[in-house]
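Colleague: I'm still new to reading structures, and I'd like a close look at a single part of this one. Could you walk me through it slowly, starting with the big picture?

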Amino acid sequence: MAQSTARLERYLEDELGECRSEDVDRRLDELGAMEAALGSDRVEAELDVLSALANETRLTLVRALVAAGDELCVCELDALVDVSESAISHALSTLTEAGLVSGRKDGRWKKYRATNRAIALVTVLDGGIDDE
């Protein structure tokens, strides 16, 4: 912490023209509050969501469900990806656990829909790609 505090003191000196211990203490308090707001539980949950999307099959399924804007049956999703039925089932299970899709039984069919979280993430990804 001493080395990072020394760097912070140099930074504040550059920014403020002078650096007092009160300035350092105030900034450390602000940074501590920021760290608490982020929380390790939240970061871990967000990593679970990002990990769920870090696979071609799962990302394709999420994008298809977002594009559909409605429920799709597993048999419809099967036509979109070139993987086994068990791989689709596993992918949808991972996406459900991450809160990106929701599923329901409809008779003998299983239907899935994108959640608001998935829609928001795909929207952000699309916006990021268009900006380049």
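In what order do the elements of the chain run from the N terminus on? After that, please zoom in on Cys73: is Cys73 buried or exposed, and which residues is Cys73 in contact with, leaving aside its neighbours within four places in sequence?

Modeller: Happy to. One thing up front: this is a predicted model, so keep that in mind as we go.

Let's start with your order. From the N terminus on, the pattern reads α-α-α-α-β-α-α-β-β-α. That gives seven helices and three strands in the chain.

Now the overall build. A compact globule of 132 residues would have a radius of gyration near 14 Å, whereas this chain comes out at 22 Å. The box around the C-alpha atoms tells you about the proportions: along the principal axes, it is roughly 70 × 30 × 20 Å. Buried residues account for 23% of the 132 residues. The accessible surface of the chain is about 9,200 Å², and carbon and sulfur atoms supply 50% of that. If you count charges, you get 15 positive and 28 negative side chains, with the centres of the two sets 8 Å apart. And if you take the contacts with a separation of 6 or more, 48% of them join residues 24 or more positions apart.

On to Cys73, then. You'll find Cys73 in strand E1, which covers residues 72-73. Cys73 counts as buried because its relative accessible area is 7%, and the cut-off for buried is under 20%. As for company, leaving aside its neighbours within four places in sequence, Cys73 is in contact with Trp109, Lys110 and Lys111. Asn55 makes a nice contrast: Asn55 is 18 residues from Cys73 in sequence, and their C-alpha atoms are 20 Å apart in space.

With a cysteine, you'll probably wonder about disulfides. A disulfide is a covalent bond between the sulfur atoms of two cysteines. A search of the whole structure turns up zero of them. Why not for Cys73? The closest cysteine sulfur, in Cys75, is 3.1 Å from the sulfur of Cys73, so the gap is too far for a bond; the pair would have to be within 2.5 Å to count. Seen from the other end, Cys75 is in no disulfide either, with the sulfur of Cys73 being the nearest cysteine sulfur at 3.1 Å. Cys75 is partly exposed, because its relative accessible area is 44%.

For comparison, try two spots in helices. Val66 sits in helix H4, residues 56-68, and is partly exposed with a relative accessible area of 21%. Leaving aside its neighbours within four places in sequence, Val66 is in contact with Ala114, Ala118, Ile119 and Val122. The C-alpha atoms of Val66 and Val81 are 15 Å apart, and the two are 15 residues apart along the chain.

The other spot is Ser93, in helix H6, residues 85-97. Ser93 is partly exposed too, with a relative accessible area of 33%. Its C-alpha atom is 18 Å from that of Ala79, which is 14 residues away along the chain.

Methods. Residues numbered from 1 in each chain as written. Predicted model: local features only at pLDDT ≥ 70, side-chain atom pairs only at ≥ 80, totals over all residues. Heavy atoms only, no water. Helix = DSSP H or I, 4+ residues; strand = E, 2+ residues; numbered from the N terminus. Rg over C-alpha atoms; globule rule 2.2 N^0.38 Å. Buried < 20%, exposed > 50% of the residue type's maximum accessible area, 1.4 Å probe, protein only. Contact = heavy atoms within 4.5 Å. Areas by Shrake-Rupley, 256 points an atom, 1.4 Å probe, with all protein chains shown as cover. Lys, Arg positive; Asp, Glu negative; His and termini not counted. Charge placed at Lys NZ, Arg CZ, Asp CG, Glu CD.
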